[in-house]
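I opened this notebook to keep a record of what I looked up, one topic at a time. The entries follow the order in which I went through the structure.

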There are 2 protein chains.
Amino acid sequence: SNLYFECSILYTFLLTISCSYHILCFCLQMGWGDLGVFGEPSKETPNLDLMAAQGMLFPNFYTANPLCSPSRAALLTGRLPVRNGFYTTNAHARNAYTPQEIVGGISQDEILLPELLKKKDYVSKIIGKWHLGHRTQYLPLKHGFDEWFGSPNCHFGPYNNSVRPNIPVYNNSEMTGRYYEEFEINVKTGESNLTQIYLKEGLDFISQQAMAQRPFFLYSAPDATHSPVYASERFLGKSQRGRYGDAVMELDDSIGQILAHLVSLGIHNNTLVFFTSDNGAAVMSGPHQSGSNGPFLCGKETTFEGGMREPAIAWWPGRIPAGTVSHQLASVMDLFSTSLSVAGVLPPNDRVIDGLDLSPVLFNNSLLDRPIFYYRGNQMMAVRIGQYKVHYWTWSNSWEEFNTGINFCPGQEVPGVTTHTQEEHTMQPLIFHLGQDPGERYPISVQSEEYRDVHRQVTAVVEQHQKDLIPGMPQLNMCDLAVMNWSPPGCEQLGKCLKPPESNPWKCVWPH
Amino acid sequence: SNLYFECSILYTFLLTISCSYHILCFCLQMGWGDLGVFGEPSKETPNLDLMAAQGMLFPNFYTANPLCSPSRAALLTGRLPVRNGFYTTNAHARNAYTPQEIVGGISQDEILLPELLKKKDYVSKIIGKWHLGHRTQYLPLKHGFDEWFGSPNCHFGPYNNSVRPNIPVYNNSEMTGRYYEEFEINVKTGESNLTQIYLKEGLDFISQQAMAQRPFFLYSAPDATHSPVYASERFLGKSQRGRYGDAVMELDDSIGQILAHLVSLGIHNNTLVFFTSDNGAAVMSGPHQSGSNGPFLCGKETTFEGGMREPAIAWWPGRIPAGTVSHQLASVMDLFSTSLSVAGVLPPNDRVIDGLDLSPVLFNNSLLDRPIFYYRGNQMMAVRIGQYKVHYWTWSNSWEEFNTGINFCPGQEVPGVTTHTQEEHTMQPLIFHLGQDPGERYPISVQSEEYRDVHRQVTAVVEQHQKDLIPGMPQLNMCDLAVMNWSPPGCEQLGKCLKPPESNPWKCVWPH
């Protein structure tokens, strides 16, 4: 079912121009281990490896959720999904995302990065998948973006437009076609030129803003590496890693072209580019449709390292020292705070912001003390402080799913850790030292002094966190076939409006 | 027991001087994933990463055996252990090595690299662990080396010198002390300055030969990263990875000093340096005593990728292009053939040599077609051709061992692959595509055309290999307490001779 293949790659370019340009790339569902520089044996990401050699590499960078749309909401709000509403309370500790039948979306009460950047006259564009709600009030141009080329949901399909419509592709506030109709993806051969279309949109936008000397923010979220994986003809069959590798090569090539374009426009010294991914590799999809989490445990959907540790590279020639590695514990939410800081905009002061301003890290290689929280839906599952990761709850996926062949940790099994029932460890959490044991295989003995010290420290951090936590209104509780993309704005001119069924909302079922 | 912690790290510097110097480093028991450049999250190998950036990186490099001493024998003879005698026939598919009670050693009939390099007046030195037999006739100076500083066996201990003697440390052909006596290793704190002693020996040797303008071969085999892991005071507690990481940092620092020394002597443009390891990380030893195999399955002792794929870097400024990656399938035995080729010496023509001359790869980035054979004792377990790995036999370790807590694949379990009984698949081998599936988790369907094509191709290769195979006389069959290091040459002057027990040979028991 579609619920199984949750949509989950973002690929963000954050480009600002003022005292500086920034680019941030958030790449859909690529795993930590997918870059040559992070040990992918095929070494087929020369452009990202070069970006790392010219910039700063973050081996301890995390997304905000092991799933796509909550991670995106966190990126753009600087807040944990449990605060910004991108979670569900339908059942305990469930991953929820934003399929076509979801009723909710990004709340009017949340303030998104492009809205704030407007204070300094930034022009903002999103390219690719939005995934923060597809009903009209939730679309990007209602939330601070000036331009959009892409789709509100993932490129699942093709559908027959009767039970389920194909996903629309928008040009700004109106649809310009649908996937599998005007925008082809050949599911059999894996061929599609969508990544090339997105690249051209990005290059053109950069050129236009640079010419006009306008500050800009480009958020690029192609989804070629999300199942069903696709690549354009020039890349198909070219990698050593199959179709997924072809898609990675094409994205890598795109990054190379974006960076080269900045250099050729002479704006590279004013540009912050950040590359990362929205969740770990979807290892449950098998080797043809997913990437690598390197040495880490499990993948997407889980709060083990494979689900949330992400490849991350910051690039800003002349400002960020070349060839550096930062061991800062960092999060996708920090990109919100860092962008504001670099643009000279103050963050909202009427709410908790989870992001940290990474400027001291980027420009002085400082190390800032901070925890990383690992949530699954409404449940904080784990916390990292320093090298220690403390699990309060463990769960891979249910026996029911596992017995039908769905495995979130294929080839991996750590007794008492990759559990198939939700296991509570709040009284005596599992603690791992991620420096010595990045694979989360050897819990530290509860009888050791090390355990007691870490437990004491982390308890204080968690108590503070829980005391301050005001959960947002959950947006991912209700589903309704009537809200799907039947008649997006602009469908009339195209003659592509479809008749929705009658509204019949239900509480969405999130199996894991 | 000691049989469990087989000794298995080598760290080789091959240094020749004539038209050129060569250095080859073969590092004891470091895993593929232990280098920053191969994705170790702590990124604590700056010198090896720089070496890769200045040289050629091999992501598809293999040792000849998932265990130390057979791999070393293969390095120095250019021949598979099944040919050079470093295997056992006591039981099927068993890993055997060279502990103190072993009767055998390197055969007089084998021709070692330093013997051949003598034709071009090379001076050869080995620093560190020899491990090709500790009885007098097997020692390095009897097999072509001119100098030796190090030990014949691993640094296991301390022993009480009654049931088992402490391992001697030799200076050339005479012992100069014993581990835990004259050469301290504090098992509790992990402190020892042995790596520093070895480094000084290496730097001095290089200086002397460079001054004298003599061609030389330096084979450096420190064993700090082998359990019990040690580091010198300056490095203890300095890594993010615990004591094993401290030892890796110190070895990395040694490499940096060696390369810097070559540059300061002005001989770097005439020097081939090669760094690799003798077997995969000993993941069964746990996180405090072992390294990382990155994305690969299992580790040392097994013929899965984690057991035999090794980090490998070639460095020769001005000859090997900087910053290159070679996808050549390569083997430690190729270092034999390549060294001879670079030195202008013909290989022996009266025997099969398994090594390949990598000169075209190093100097022209060519790709040569060749298989990789994975042996466990007397059994060919698997073959790699191109991206495909074909398993004819699978075994991790026995249920008996597994049930006592010994696990060669901790945290990993691939049904039908990481089997606890020896499983024969010769009629219908398991086939993996290592580009798409480096972790050997998803066998290719036997019903696919891809399977049939690969099976046909590999069958021809294997039949040819088996037709040509003349197994050597097995050296690792017999054990005897009387042959241990009781009275090594030179013990009289030191007053360190011990009385051996009566000879009572038995067929060694190799449990896995």
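**Entry on an annotated site.** I began with A:Asn193, where UniProt, in an unreviewed entry, places the feature "glycosylation site". I kept in mind from the start that the model is a predicted one, and that an annotation of this kind may be inferred rather than shown by experiment. Looking for its place in the chain, I found A:Asn193 in the loop between β7 (174-178) and α5 (194-212) of chain A. Its relative accessible area is 45%, so I noted A:Asn193 as partly exposed.

**Entry on a second annotated site.** I next turned to A:Cys68, which the unreviewed UniProt entry covers with the annotation "modified residue: 3-oxoalanine (Cys)". I located A:Cys68 in helix α2 (residues 68-77) of chain A. Is A:Cys68 buried or exposed? With a relative accessibility of 0%, A:Cys68 counts as buried.

**Entry on the annotated domain.** The same kind of record search gave me "domain: Sulfatase N-terminal", which UniProt (unreviewed entry) places at residues 30-345 of chain A. Over residues 30-345 I read 27% helix and 15% strand, and the C-alpha atoms at the two ends lie 31 Å apart.

**Entry on the contact between the chains.** I then asked how many residues each chain brings to the contact. Chain A gives 37 residues and chain B gives 37 residues. The area buried between chain A and chain B comes to about 2,900 Å², and carbon and sulfur atoms give 53% of it. On the side of chain A, I noted that A:Pro41, A:Gln240 and A:Gln436 supply 21% of the area that this chain buries against chain B, which is more than any other three residues supply. Sorting the residues of chain A that touch chain B by kind, I wrote down 15 nonpolar, 15 polar and 7 charged. I looked for salt bridges across the interface of chain A and chain B and the rule found 0, whereas the count of residue pairs in polar contact between the two chains, both residues at pLDDT 80 or more, is 16.

**Entry on salt bridges.** Searching the whole structure, I found 36 salt bridges over all chains. One of them joins the side chains of A:Glu110 and A:Arg79, at 2.9 Å from N to O. This pair links distant parts of the chain, 31 residues apart, with A:Glu110 in the loop between α3 (81-84) and α4 (113-117) of chain A and A:Arg79 in the loop between α2 and α3 of chain A. I checked both partners for exposure: A:Glu110 is buried at a relative accessible area of 7%, and A:Arg79 counts as buried at 9%.

I looked at a further pair in chain A, where the side chains of A:Glu147 and A:Lys125 meet in a salt bridge at 3.3 Å, N to O. Here, too, distant parts of the chain are linked, since A:Glu147 sits in strand β5 (residues 147-150) and A:Lys125 in strand β4 (residues 123-128), 22 residues apart. Both A:Glu147 and A:Lys125 are buried.

In chain B I picked out the salt bridge between the side chains of B:Asp204 and B:Lys200, at 2.8 Å from N to O. The two lie 4 residues apart in helix α5 (residues 194-212) of chain B, so about one helical turn separates them. For exposure I noted B:Asp204 as partly exposed at 31% relative accessibility and B:Lys200 as exposed at 52%.

**Entry on a helix of chain B.** I asked why helix α8 (residues 333-343) of chain B can be called largely enclosed by the rest of the structure. The reason I recorded is that 10 of its 11 residues are buried, among them B:Met333, B:Phe336 and B:Val342. Just after this helix, B:Gly344 takes a positive phi of about 80°.

**Entry on one loop residue.** Last, I followed B:Glu181, which lies in the loop between β7 (174-178) and α5 of chain B and is partly exposed, with a relative accessible area of 25%. Setting aside neighbours within four places in sequence, I found B:Glu181 in contact with B:Asn161, B:Asn166 and B:Lys496. With B:Asn161 the side chain of B:Glu181 makes a polar contact, side chain to side chain, at 2.7 Å. I also noted B:Pro471, which is 290 residues from B:Glu181 in sequence and 40 Å from it in space, C-alpha to C-alpha.

Technical notes
Residues numbered from 1 in each chain as written. Chains lettered and ligands numbered in written order. Predicted model: local features only at pLDDT ≥ 70, side-chain atom pairs only at ≥ 80, totals over all residues. Heavy atoms only, no water. Contact = heavy atoms within 4.5 Å. Buried area = accessible area lost by both parts, 1.4 Å probe. Salt bridge = Lys/Arg side-chain N within 4 Å of Asp/Glu carboxyl O. Polar contact = N/O pair within 3.5 Å; in protein donor to acceptor, adjacent residues only side chain to side chain. Nonpolar A, V, L, I, M, F, W, Y, C, P; charged D, E, K, R; others polar. Buried < 20%, exposed > 50% of the residue type's maximum accessible area, 1.4 Å probe, protein only.
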